[in-house]
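Let's take a walk through this structure together, starting with a pocket and ending on the surface. Have the sequence at hand as you read.

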Amino acid sequence: MIWTLPNFLTLLRILAAPAVGMMVVLGGPDQALWALLIFILAALTDFLDGWIARAWRQHSAFGQMLDPIADKAMVVVVLAALASKPVNATPVFLIPVLVILMREVLISGLREFLGDVKLAVTRLAKWKTTLQLIAIGALLAEAPVMAADTQSTQEHAGQHAGWIAHWVGVALLWLAALLTVATGWDYFRKALPYIRAREGN
């Protein structure tokens, strides 16, 4: 089964990734709010497509292939867009972002090398993805929160809330980066016997 509701929701999540990235790069208050709203809706489909697939027994090989692609597209595209903002051009932000992006590139290459060998997704890897999405959500919330209050009596409160959202997002991003390294190493360790077998060792 290819054209099922869970797969359709997953495809929408893939399409949402460049939309969110574009809104972030454009950078206006309205675009920042749309980026957050689209991201939240896309994140909800990550839960919804799996729930529907289980409830309606609509599991498919196509869906299993698409789901991690959708997660990685959202994480990679939106983090790259956030990293392009001058306000985020600091080591404390860029280091965890680069760690996450490099891990995704390396593991994607390793999966391509392994071909038909499919290693099971661990619970820790699922937590890693969830944490990445929560961190990105907090970082996307910074601009809309700061722009929400324009009156002088509320401006300080809005800036303070935006500052909190930013640093909560950065802290969660560092934690996600640590889990990213741990799960990446675990995947490589499990793949090593197959790599050695192909090398004849």
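To sort residues by character, Ala, Val, Leu, Ile, Met, Phe, Trp, Tyr, Cys and Pro count as nonpolar, Asp, Glu, Lys and Arg as charged, and the others, Gly among them, as polar. Please keep in mind that this is a predicted model.

With that sorting in place, turn to the largest pocket, where the lining divides into 19 nonpolar, 14 polar and 14 charged residues. The space inside this pocket comes to about 1,800 Å³. Its lining has 47 residues, and to find the centre you can look for Gln64, Asp67, Pro68, Asp71 and Val121, which lie nearest to that point. Two or more lining residues come from each of helix H1 (5-26), helix H2 (29-55), helix H3 (61-83), H4, helix H5 (123-148) and H6. Which helix gives the largest share of the lining? That is H3, with eleven residues.

Now move to the surface, where Val92, Ile95, Trp163, Ile164, Trp167, Val168 and Trp174 form a nonpolar patch. Together these residues have about 620 Å² of accessible area. Helix H4 (91-114) and helix H6 (152-199) are the elements that give two or more residues to the patch. The largest share, five residues, comes from H6.

One member of the patch deserves a closer look: Ile164, which lies in helix H6. Is Ile164 buried, exposed or partly exposed? Ile164 counts as partly exposed because its relative accessibility is 38%, and that class lies between buried, under 20%, and exposed, over 50%.

Terms used. Residues are numbered from 1 along each chain as its sequence is written. This is a predicted model: local features need pLDDT of at least 70, side-chain atom pairs count only at pLDDT 80 or more; totals for chains, interfaces and linings use all residues. Side-chain values use heavy atoms; hydrogens and water are left out. Patches are made of residues with over 30% relative accessible area and no salt bridge: like charges are joined within 9 Å, nonpolar side chains (Val, Leu, Ile, Met, Phe, Trp, Tyr) within 5 Å. Accessible areas come from the Shrake-Rupley method with a 1.4 Å probe; for residues, only the protein chains shown count as cover. A salt bridge is a side-chain nitrogen of Lys or Arg within 4 Å of a carboxyl oxygen of Asp or Glu. Helices (H or I, at least four residues) and strands (E, at least two) are DSSP runs, numbered from the N terminus. Buried means under 20% relative accessible area, exposed over 50%, partly exposed in between (1.4 Å probe, protein chains only). On a 1 Å grid over the protein atoms alone, a cavity is a set of points where a 1.4 Å probe fits but cannot get out, and a pocket is an open set with protein on both sides within 12 Å along at least five of seven lines; lining residues have an atom within 4 Å of a point. Grid points are joined across faces, edges and corners, and a volume is the space filled by probe spheres set on the points.
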